[in-house]
Amino acid sequence: MMKEILNKVLNHETLSREEMHHVLVGITHENFPNEQITALLTALQMRGVTVDELLGFRDGILETGVPVILNSDRYIDVVGTGGDRKNTFNISTTACFVIAGAGYKVAKHGNYAATSTSGASNVIANHGVVFTADPDKLNRSLNEAGIVYLHAQLFAKAMKFVGPIRKALEFPTIFNLLGPIVNPSKPQCQLLGVANLDQMRLYKSVYQKIGIDYGIVNSIDGYDEISLTSDFKVTTNDYERVFRPQDLGFDIAKPEELVGGATEEEAKAIFDSVLENRALPAQKNIVLANAAFGIQVLEKGEKSIEECIEIARESIDSGNALRTFKKFVELNS
């Protein structure tokens with residue numbers, strides 16, 4: 001089977017969603033030698049991945065992984081593709097607790113840092129949280145704190161079969177694109193930060209095929225989130241627009257104000273300072289902006305972004321975001 005797949009790719013043919021699904025499942029069954037997997041990943045990266053190819057691998061990862069059934073019919077994940085090499089503080093993770101503090105449900109999917117000082121799992125674990133795949137514990141966290149954290153390594157079992165290959169290749173592959181779309185709880189809403197407009201177009205088509213409510217954001221100067229350091233583009237189910245920070249009442253941020261520090265402890269301190277409402281104005285504003293667009297997705301675009309910013313601001317200013325986080329830590333430690 002893999003010989004046929006490789007011949008197709010080498011002949012500049014695209015692969016179907018079903019073919020890619022079979023390949024992923026075959027990888028988890030160790031049906032293919034590493035050399036063939038390496039050849040496929042390299043060829044796909046050189047040619048560029050199609051929507052159906054990406055969805056086929058997504059299908060396989062979800063099928064072979066640990067499913068998560070949450071007792072809620074509407075919740076959001078806020079995530080970035082990573083790899084922008086900007087080493088920002090944990091903006092998406094902080095925004096998730098602001099959204100939950102505003103009364104919405106959140107299922108955050110994340111992992112340890114790959115290219116930055118502190119990933120979502122790093123900052124969560126550094127507060128004493130113990131990761132779990134226990135469905136009762138996950139649902140209790142969602143029900144009582146409004147947020148649940150899904151540590152990717154407990155759920156996406158397929159990833160361990162390609163870990164050594166990905167490390168040896170030392171360049172991005174299709175697996176780098178999968179992280180944002182393999183949340184095992186299959187959220188109905190997602191806010192995704194991408195590092196460039198090519199990725200924005202790719203994920204827009206992916207979300208349209210999956211059929212969820214989405215927002216995709218990209219800062220024009222290369223951040224995979226709303227950085228407020230420049231204009232930024234947003235595309236949702238309802239609109240596509242370029243915003244200036246001033247359009248939302250925010251000052252332009254300086255790149256150095258977004259840096260997550262040199263150590264995990266420094267990243268943790270910034271995360272805490274935002275939730276405790278004592279962060280730099282730029283740090284707070286960046287979290288407010290990202291949380292607000294997440295809230296707008298949850299609201300199906302029926303609230304203006306200005307209204308959503310005020311909802312997010314109230315979450316921090318009232319202390320609800322901090323109380324939500326403390327409750328989350330209590331339930332998950």
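These legends go with a set of close-up views of a predicted model.

**View 1. A salt bridge joins K233 and E240.** Start with this pair of side chains, where nitrogen and oxygen sit 3.0 Å apart. The two partners differ in how much surface they show: K233 is buried, because its relative accessible area of 18% is under 20%. E240, at 44%, counts as partly exposed. Across the whole model, the count of salt bridges comes to 18.

**View 2. K284 and D317 form a salt bridge between two helices.** Here the closest N and O atoms are 2.7 Å apart. K284 belongs to helix α12 (residues 281-298), while D317 belongs to helix α13 (residues 305-317). The two residues are 33 apart, and the pair links distant parts of the chain. K284 is buried, with a relative accessibility of 15%, whereas D317 is partly exposed at 40%.

**View 3. K327 and E330 pair up within helix α14.** This salt bridge has an N to O distance of 3.6 Å. Both residues lie in α14 (residues 320-332), three residues apart, which is about one turn of the helix. K327 is partly exposed, with a relative accessible area of 27%. E330 reaches 56%, so it falls over the 50% needed to count as exposed. Pull back a little and R140 and E144 come in too: together with K327 and E330, they are linked in a network of salt bridges.

**View 4. The rings of F57 and F175 make a tilted pair.** Now for the aromatics, of which the structure holds 14 pairs. In this one, the ring centres lie 5.4 Å apart and the planes meet at 45 degrees, so the pair counts as tilted. F57 comes from helix α4 (residues 51-64) and F175 from helix α9 (residues 174-178), so the pair ties together parts that are 118 residues apart in sequence. F57 is buried, with a relative accessible area of 0%, and F175 is buried as well, at 2%.

**View 5. F97 and F328 meet edge-to-face.** Their ring centres are 5.2 Å apart, and the planes stand at 65 degrees; that angle is over 60, so the pair is edge-to-face. F97 sits in helix α5 (residues 91-101) and F328 in helix α14, so this pair ties together parts 231 residues apart in sequence. Both F97 and F328 are buried. They also have company: F97, F271, F325 and F328 form one aromatic cluster.

**View 6. I99, F293 and F328 stand out in the largest nonpolar core.** This core has 60 residues, and these three touch the most other members. Helix α12 gives the most to the core, with eleven residues. Which residues does I99 touch, not counting those up to four places away in sequence? The list is I76, V78, Y104, V106, A291, G294, I295 and L298.

**View 7. A separate core includes L24, F175, L192 and Y203.** Apart from the largest core lies another, made of 44 residues, with those four among them. F175 may look familiar: this buried residue is also the ring partner of F57 in the tilted pair.

Terms used:
Residues are numbered from 1 along each chain as its sequence is written. This is a predicted model: local features need pLDDT of at least 70, side-chain atom pairs count only at pLDDT 80 or more; totals for chains, interfaces and linings use all residues. Side-chain values use heavy atoms; hydrogens and water are left out. A salt bridge is a side-chain nitrogen of Lys or Arg within 4 Å of a carboxyl oxygen of Asp or Glu. Buried means under 20% relative accessible area, exposed over 50%, partly exposed in between (1.4 Å probe, protein chains only). Helices (H or I, at least four residues) and strands (E, at least two) are DSSP runs, numbered from the N terminus. Rings of Phe, Tyr and Trp (its six-membered ring) pair if their centres lie within 6.5 Å; planes under 30 degrees apart count as stacked, over 60 as edge-to-face and the rest as tilted. A nonpolar core is a set of buried Ala, Val, Leu, Ile, Met, Phe, Trp, Tyr and Cys residues joined through side-chain atoms within 4.5 Å. Contact means heavy atoms within 4.5 Å.
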